[in-house]
Amino acid sequence: MARQASKGRYLRAFVSGFFVAVPVTVTVLDRFAYVARVEGASMQPFLNPDGGSECDVVLLNRWSVRNYQVQRGDIVSVLSPRNPQQKIIKRVIGLEGDFIRTLGYKNRYVRVPDGHFWIEGDHHGHSLDSNSFGPVSVGLLHGRASHIIWPPNRWQQIKPCLPKNRGPLDTEEEDG
């Protein structure tokens, strides 16, 4: 009899804990951070450098982009302008007001409009990015990649950096 009572207590504790843990977990994943698997070659060589079957897994920080604040060189997750059911991971090359030299877009040079940014994959020949669909609205921003968390031998913090010869034209001229 005592054994059944303790089983009932454990079951009630588990159920009540479950009903607390699920909403907390959903809130954390919705507001703060979540993990995402990076598939494909568009961000090589930085992400998925081996190109094999093992994909990098990144931690996407949602809290850091809650006010749509990103910087050049950040790797971000956005809803695809072509397919809103899909999220894509690319590098921010230019911010609003920047002049960008494109890599195959319909115009050779583009001024990034207010409320938008320019994103590109690191592997230009294998990336569906702003060179295909133009500047991306900041409203499509979903998260900023802060760490590579899988595979273990690639664990690292992701720091913003621009690929060589990519970025706004005025910044390149000042540096050169």
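How much space lies in the largest pocket? The points below take up that question first and then turn to the rest of the chain.

1. The largest pocket of this predicted model holds about 290 Å³ of space. Its lining is made up of 17 residues, and those closest to the centre of the pocket are Arg 37, Glu 39, Lys 87, Ile 88 and Ile 89. Two strands, namely strand 1 (33-38) and strand 4 (87-94), each supply at least two residues of that lining. By residue class, the lining divides into 8 nonpolar, 5 polar and 4 charged residues.

2. As to confidence, the mean pLDDT of the protein chain is 85, and 86% of its residues reach 70 or more. A reader who intends to work with residues 171-176 should note that pLDDT stays under 50 over this stretch, for which the model has 4 contacts beyond four places in sequence. Helix 3 is assigned to residues 169-175, and any reading of that helix should be set beside the pLDDT values just given for residues 171-176.

3. The secondary structure comes to 3 helices and 10 strands, and, read along the sequence, these elements follow the pattern α-β-β-β-β-β-β-β-α-β-β-β-α. Of the 176 residues of the chain, 37% count as buried. Among contacts between residues at least 6 apart in sequence, 59% join residues at least 24 apart.

4. One pair that is separated in sequence deserves mention: Arg 101 and Leu 169 are 68 residues apart along the chain, while their C-alpha atoms are 6.9 Å apart in space. Arg 101 belongs to strand 5, which covers residues 99-101, and it counts as partly exposed because its relative accessible area is 24%, which lies between the limits of 20% and 50%.

5. Two cis peptide bonds can be checked by omega. Gln 44 and Pro 45 are joined by a cis peptide bond with omega of about 10 degrees, and Pro 45 is found in the loop between strand 1 and strand 2 (56-61). Trp 150 and Pro 151 are likewise joined by a cis peptide bond, here with omega of about 0 degrees, and Pro 151 lies in the loop between strand 9 (141-150) and strand 10 (156-157). These bonds merit a look because most peptide bonds are trans.

6. The backbone also shows positive phi values at two asparagines, which is worth noting because most residues other than glycine have a negative phi. Asn 48 has a phi of about 55 degrees and is placed in the loop between strand 1 and strand 2, the loop in which Pro 45 is also found. For Asn 165, phi is near 65 degrees, and this residue sits in the loop between strand 10 and helix 3. The two differ in burial: Asn 48 counts as buried because its relative accessibility is 5%, under the limit of 20%, whereas Asn 165 counts as exposed because its relative accessible area is 54%, over the limit of 50%.

7. Is Cys 55 buried or exposed? Cys 55 is buried, since its relative accessible area is 14% and the limit for burial is 20%. Cys 161, by contrast, counts as partly exposed at 39% relative accessibility. A search of the whole structure finds 0 disulfides.

Technical notes. Residues numbered from 1 in each chain as written. Predicted model: local features only at pLDDT ≥ 70, side-chain atom pairs only at ≥ 80, totals over all residues. Heavy atoms only, no water. 1 Å grid on protein atoms, 1.4 Å probe; cavity = no way out; pocket = protein on both sides within 12 Å on 5 of 7 lines; lining within 4 Å. Points joined across faces, edges and corners; volume = space filled by probe spheres on them. Helix = DSSP H or I, 4+ residues; strand = E, 2+ residues; numbered from the N terminus. Nonpolar A, V, L, I, M, F, W, Y, C, P; charged D, E, K, R; others polar. pLDDT = per-residue confidence, 0-100. Contact = heavy atoms within 4.5 Å. Disulfide = S-S within 2.5 Å. Buried < 20%, exposed > 50% of the residue type's maximum accessible area, 1.4 Å probe, protein only.
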